[in-house]
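Reader: Please choose one part of this model and take me through it slowly, with the reasoning behind each step. I am in my first year, so I would rather follow a single part closely than hear a little about everything.

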Amino acid sequence: EEAAEGDAWAGMGAATIGYRRRRRVKKQGSFVGVTIGAAIAVILVGWFVVAKMTKEDEPPAAAPSVSQDVRGGKGGKSIFDFPEKDKPKTTGQGEGTALAPVAVGAGDDPPRAAATDNDPERQSDEWKAVVEANAASEKPGKALWTIVDYRRLHPGKFEGELKQYEDAAFDRLWWERIKELCELRGSLQADIEKKNGEIAQETEAAYRLKLEKEKQLLEMRRQSMGEVLAQEMGYASKEVPNLFDSVQIGNLRGQRIPETYEAWKKRVANSLLKSRNLPWERTR
């Protein structure tokens, strides 16, 4: 019996020892479960945060009023509310809306496609040269040469427009030539007066004679300028034309002798045909 009782205590001890080992295994399993649960919780929280941030980054949905016609709203006057007369009208042939013509300012370049001319002659290099040379920024002598040359190559073509270009170029050249002659005459007169001062101060006879001859040449040139102005161009006024003074040019134009002006134009045209130069350029 004592042996049996001892065995029983021994068995209880063994059982106790075995039970404690099993509790340790259970405690270790619980810790692993808590760790897994915490990890799942972190994953869920992270997913929730990412989902919320993604949703906030999405663009807001367009309001349904944007797709409505802004001109037909009843919430007050809008900048898009046009009067009935200003609304674009459709053409009867169904070609879409008709665009209103655009006004061009005085300083703007004319629109190249405003009035397209299908005439192939207007697309030629000769005609383009005429148009470009007759711009206000070009020399009138160059403009006249292009007109003369175009008439030689295309007789009778675009005569109406060529006549307008020609009249404007001749008028500009006329006043430029008169201005040049007047300024040259005034410059020669100043040189003569200067030469008179040098002669008055000179005491050596030989050098004084040389100055007198130089003065005579200046006087001859001045007289020649005066004769061209008076006889060839019929210009009797003493004032120098101001090409930028339209009032003065208009008054002087009224005093111009038509017969003298026409004869001068013929001389200029013949000179351009023969030598491509102006009459007074050949002597330079």
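Author: A helix is here a DSSP run of H or I with at least four residues, and helices are numbered from the N terminus. The model is a predicted one, and the part I would like to follow through it is helix α4, which covers residues 159-201.

Let us begin with the charged side chains. R177 and E180 both belong to α4 and stand three residues apart, which is about one turn of the helix, and they form a salt bridge in which the closest N and O atoms are 3.2 Å apart. The two partners have different surroundings, because R177, at 11% relative accessibility, counts as buried, while E180, with 31%, is partly exposed; the reasoning rests on the limits, since buried means under 20% and exposed means over 50%, with partly exposed in between.

A second pair in α4 is made of E183 and K179, which are four residues apart, again about one turn of the helix, and whose side chains meet in a salt bridge of 2.6 Å from N to O. Here E183 is partly exposed at 41% relative accessibility, and K179, at 25%, is partly exposed as well.

Another residue of the helix, K195, takes part in something wider than a pair, for K195, E198, K210 and E214 are linked in a network of salt bridges. K195 is buried, because its relative accessible area of 14% falls under the 20% limit. Once its neighbours within four places in sequence are set aside, K195 is in contact with L211, E214, K215 and L218, and E214 is thus found both among these contacts and in the network. In the whole structure there are 15 salt bridges.

The nonpolar side of the picture comes next. The largest nonpolar core has 28 residues, and those with the most contacts inside it are I178, W264 and V268. Two or more residues of this core come from each of α3, α4, α5 (205-232), α6 (246-254) and α7 (258-275), and α4 gives the most, with 10 residues. A second, separate core of six residues includes W127, I147, F158 and L162. Returning to I178, and not counting residues up to four places away in sequence, we find that I178 touches L229, M233, Y235 and P241.

Finally, α4 also borders an open space. Rolling a probe the size of a water molecule over the atoms shows where empty space is left. The second largest pocket holds about 290 Å³ of space, and 19 residues line this pocket, the closest to its centre being L173, E176, L278, W280 and E281. The elements that give two or more residues to the lining are α3 and α4, and α4 gives the most, with six residues. Sorted by class, the lining has seven nonpolar, two polar and 10 charged residues.

To draw these strands of the account together, helix α4 carries the salt bridge of R177 with E180 and that of E183 with K179; the helix also gives the most residues to the largest nonpolar core and the most to the lining of the second largest pocket.

Definitions and conventions:
Residues are numbered from 1 along each chain as its sequence is written. This is a predicted model: local features need pLDDT of at least 70, side-chain atom pairs count only at pLDDT 80 or more; totals for chains, interfaces and linings use all residues. Side-chain values use heavy atoms; hydrogens and water are left out. A salt bridge is a side-chain nitrogen of Lys or Arg within 4 Å of a carboxyl oxygen of Asp or Glu. Buried means under 20% relative accessible area, exposed over 50%, partly exposed in between (1.4 Å probe, protein chains only). On a 1 Å grid over the protein atoms alone, a cavity is a set of points where a 1.4 Å probe fits but cannot get out, and a pocket is an open set with protein on both sides within 12 Å along at least five of seven lines; lining residues have an atom within 4 Å of a point. Grid points are joined across faces, edges and corners, and a volume is the space filled by probe spheres set on the points. Ala, Val, Leu, Ile, Met, Phe, Trp, Tyr, Cys and Pro count as nonpolar, Asp, Glu, Lys and Arg as charged, and the others, Gly among them, as polar. Contact means heavy atoms within 4.5 Å. A nonpolar core is a set of buried Ala, Val, Leu, Ile, Met, Phe, Trp, Tyr and Cys residues joined through side-chain atoms within 4.5 Å.
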